[in-house]
Amino acid sequence: MNPSIEPVLKKLTPSTNKLLGLKSKPLAESFVAHLEYSLAKDEFSASQFDFYKSLALTIRDRLVERWVETQQAYYRADAKRVYYLSLEFLPGRLLRNALINLDLEAEMQKALHELGIDLNSLESEEADQGLGNGGLGRLAACFMDSLATLAIPACGYGIRYEYGIFSQQIIDGYQVETPDHWLTYGNPWEIERPKFSYTIKFHGHVHEYYDANGRLQHEWLDTEDVMATSYDTMVPGYRNDTVNHIRLWAAKSSKEFNLEYFNDGDYERALCEKVQSETISRVLYPRDDLLKGRKLRLKQECFFVSATMQDILRRHKKSYDRNFELLPAKVAIQLNDTHPTIAIPELMRLLMDSEQLDWAEAWKIVTRCFAYTNHTVLPEALEKWRVSLFENVLPRHLQIIFEINRRFLQEVADRFPDDQARARRMSIIEEGSEKWIRMSHLAIVGSHSVNGVAQLHTEILKKKVFRDFYQLWPLKFNNKTNGITHRRWLTGCNPKLATLIEGKIGNGWQTDLGSIRKLRTVANNNSFQEAWRQVKRANKERLAQHVSKTLGIQLNPDSMFDSQIKRIHEYKRQLLNVLHVITLYYRILLNPNKPTTPRTVIFAGKAAPSYSSAKLIIKLINSVADTINKDPRMKDRLTVVFLPDYSVTLAELIIPAADLSEQISTAGMEASGTGNMKFALNGALTIGTLDGANIEIIEEVGAENAFIFGLTANEIEKHRASKSYSPSTIYERDPELKNALDAIAQGHFSPEEPKLFKEIVDTLLREGDYYFLLADYRSYLRCQEDVDHAYRNPKQWTRMSILNVAGSSKFSSDRAIHQYAEEIWKAKPVPVKLKNKKPKNRQYLWKVPRTPKRKIRPTASPQTLSHS
């Protein structure tokens, strides 16, 4: 540090400066200052989006103060840090969450009201951050919230996708993907850190040689380099002054502009390298059915973990120089699924090639730092890479993986001599006509902990998917059931219900969800039940308004809102739900005078762009919905809607309004699920299979307060082993099922193209019905009849709803993170104590009038506003 500026910097440290105020007046002053000085706008030129941006910057200022103090507290405590690596983060909108966690909601509302601005109207100006696809990314965001709330020193690492996964439009019933332009107008929450940029290498070749000391060296030459630039987003804990952050990497070209090509008139080629390099962080999950898509995804995974490993080592050396023996005591690296697994050979490469550690030293450090969370039992989802592709893109990493595998197989041979079949099953390299790298095997071998995310899921990992590894290393395997942050998924998205609960049992559940069990004592209270129903009704009316506005369909708030919102996949069995809808439709047509329980069936979710079967299911849902909704005989009896472009914000609208939560995946295939937890926490009753976390939810809320159907995972496994399952026999013996499938196959819902959905029926009847829809169909219908019966008794249904919320305490991400910290990471909380929470009065150049003579009003939306 320059000695001449050190005294100045000391005067500027947050510990000696007064913090920005949290009352309405200083908040209003900050808001107006940002409008004028950060955005160069006034009351005449500012749009609603400008107001939102000024609001975000006002809040961010207060987050930054706490973030700086938090980082200093971690350094003072010499704390062990947790690094959470995830290819996805799905935080949703940040505004409301920040206001809640900073306890600023009331004061900010007051400040804006005095300026003539409505806080609620600004929330819709914020775009959902396009950094994830579904449960994996949302879990990562929940975990970051809990890490900050529990004051665990932590940082999340991922990619700053420019366009996210995609924006979903439904055109003629089909999913159409368009770019998600979430960054078009900037992101006021992020802070660019160009200083923390790193070179990421691809391609080239490895030169081996012996140095003067006779040590074998590896030099990676003639590489194509890309720069990774960091962007930080602050993550506040709940009212504890702790602020952690997520660091996201954006790809920048190492060669910005080729002037030689430009001067020769080849303008496109002058920018070609820049465009190609920066493609790495453009889109989440490029199509993997194309070679270019697979190559890009491999580069994405290496890109983000290489930058992350370099950043972790930089931070470590800042405090401990090159004492890498301390790394496992100061660093815990959690791999959120297999996507970041390349971090294991990358850290080996950095320690050996850059820091000159020998193999044994480096491997001991690496295996004590890494832990691996598995999120799937589906064989096709256990990531593998062609050795030939790896060799082309990451030649040095391939050498390291081969050596890891050679040493590992020696250990297997020592433990299980003469068992070549076991060695082949366990090898990181899958042999065959083409060799593949099994990334899940690499993650297990390179980590000191391997965890599943629900009790059933973990047992399947131990007994089936990774049985050989469990026999070798039983102590590595453990369960950490997933959780959700109730501060977003109850307090934030369902404020009316949160207020009702606080009025009855206090607000201790905000930081200890266990105390929500107290609701059991009032589950039978008539006045509380009535208030509960009023909250649900208000939430249903709010969703109905949204559906009317976006789809032009009128929903009946008195009907049961039956919701299945999740990624569209065959194992999640949206198709089974459709078969039930079709059966209900024909039952009403057959017996129009028979009383029925009115239902509104709500679907939402995205299918992967290359997943044609899932996209055809979306088309079927919309075709069935179109037929039913146009039939006047269905009015106020049965309505079906598919809400496009599913997102966190849309989920926050649907979940509080739901009466019934559809968790109907094929037993043994859903690792955990977290949507089931969100619905239960908001008082929706679960209809589901004994799959994933459904089992634990039923244990907590009581089997009598849920609706369970279908084959178990063990029963399905027996059918597969014995090949005894005959879907065509079930089809022939069940007239309602036959009628529903024939209607689909014969074009009842696609008269303009009668054979459009025949492929779906063929998959069930002629290709074996892999996901056992027909096996569970009749059980599902009987269970739905129990649902109808219960819903017709409002007192019984409300009691069950209250008990679902009361039984949700286990499913807090706070609980999950506490277990990770105690049992895997060995990380301790570091509370932050701000020295100057209440700044003294300061002199300001202007004052915000309590009743302004002229309200500040927007003049244009960001789409139409000219740059003034």
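**Salt bridges in a predicted model**

Biologist: How many salt bridges does a search of the whole structure find?

Modeller: The model we are looking at is predicted, and side chains of opposite charge can pair when their charged atoms come close. When the whole structure is searched for such salt bridges, the total found is 58.

Biologist: Which residue forms a salt bridge with Arg 314, and is that partner buried or exposed?

Modeller: Both residues belong to helix α11 (residues 291-320), and because they are three residues apart there, about one helical turn separates them. Arg 314 is partly exposed at 23% relative accessible area, whereas its partner has 0% relative accessibility and so counts as buried. The N to O distance in this salt bridge is 3.1 Å, and the partner is Asp 311.

Biologist: Which residues are linked with Asp 311 and Arg 314 in a network of salt bridges?

Modeller: The pair of Asp 311 and Arg 314 meets in a salt bridge, and both residues also take part in a network of salt bridges. The other members of that network are Arg 193, Asp 232, Arg 247 and Arg 315.

Biologist: How many residues apart are Arg 778 and Asp 734?

Modeller: Arg 778 forms a salt bridge with Asp 734, and their closest N and O atoms are 2.7 Å apart. This pair links distant parts of the chain, since Arg 778 lies in helix α33 (residues 773-791) while Asp 734 lies in the loop between α30 (727-733) and α31 (735-745), and the separation is 44 residues.

Biologist: What is the relative accessibility of Asp 734?

Modeller: Its partner Arg 778 is partly exposed, with a relative accessible area of 22%. Buried means under 20%, and Asp 734 counts as buried because its relative accessibility is 8%.

Terms used:
Residues are numbered from 1 along each chain as its sequence is written. This is a predicted model: local features need pLDDT of at least 70, side-chain atom pairs count only at pLDDT 80 or more; totals for chains, interfaces and linings use all residues. Side-chain values use heavy atoms; hydrogens and water are left out. A salt bridge is a side-chain nitrogen of Lys or Arg within 4 Å of a carboxyl oxygen of Asp or Glu. Helices (H or I, at least four residues) and strands (E, at least two) are DSSP runs, numbered from the N terminus. Buried means under 20% relative accessible area, exposed over 50%, partly exposed in between (1.4 Å probe, protein chains only).
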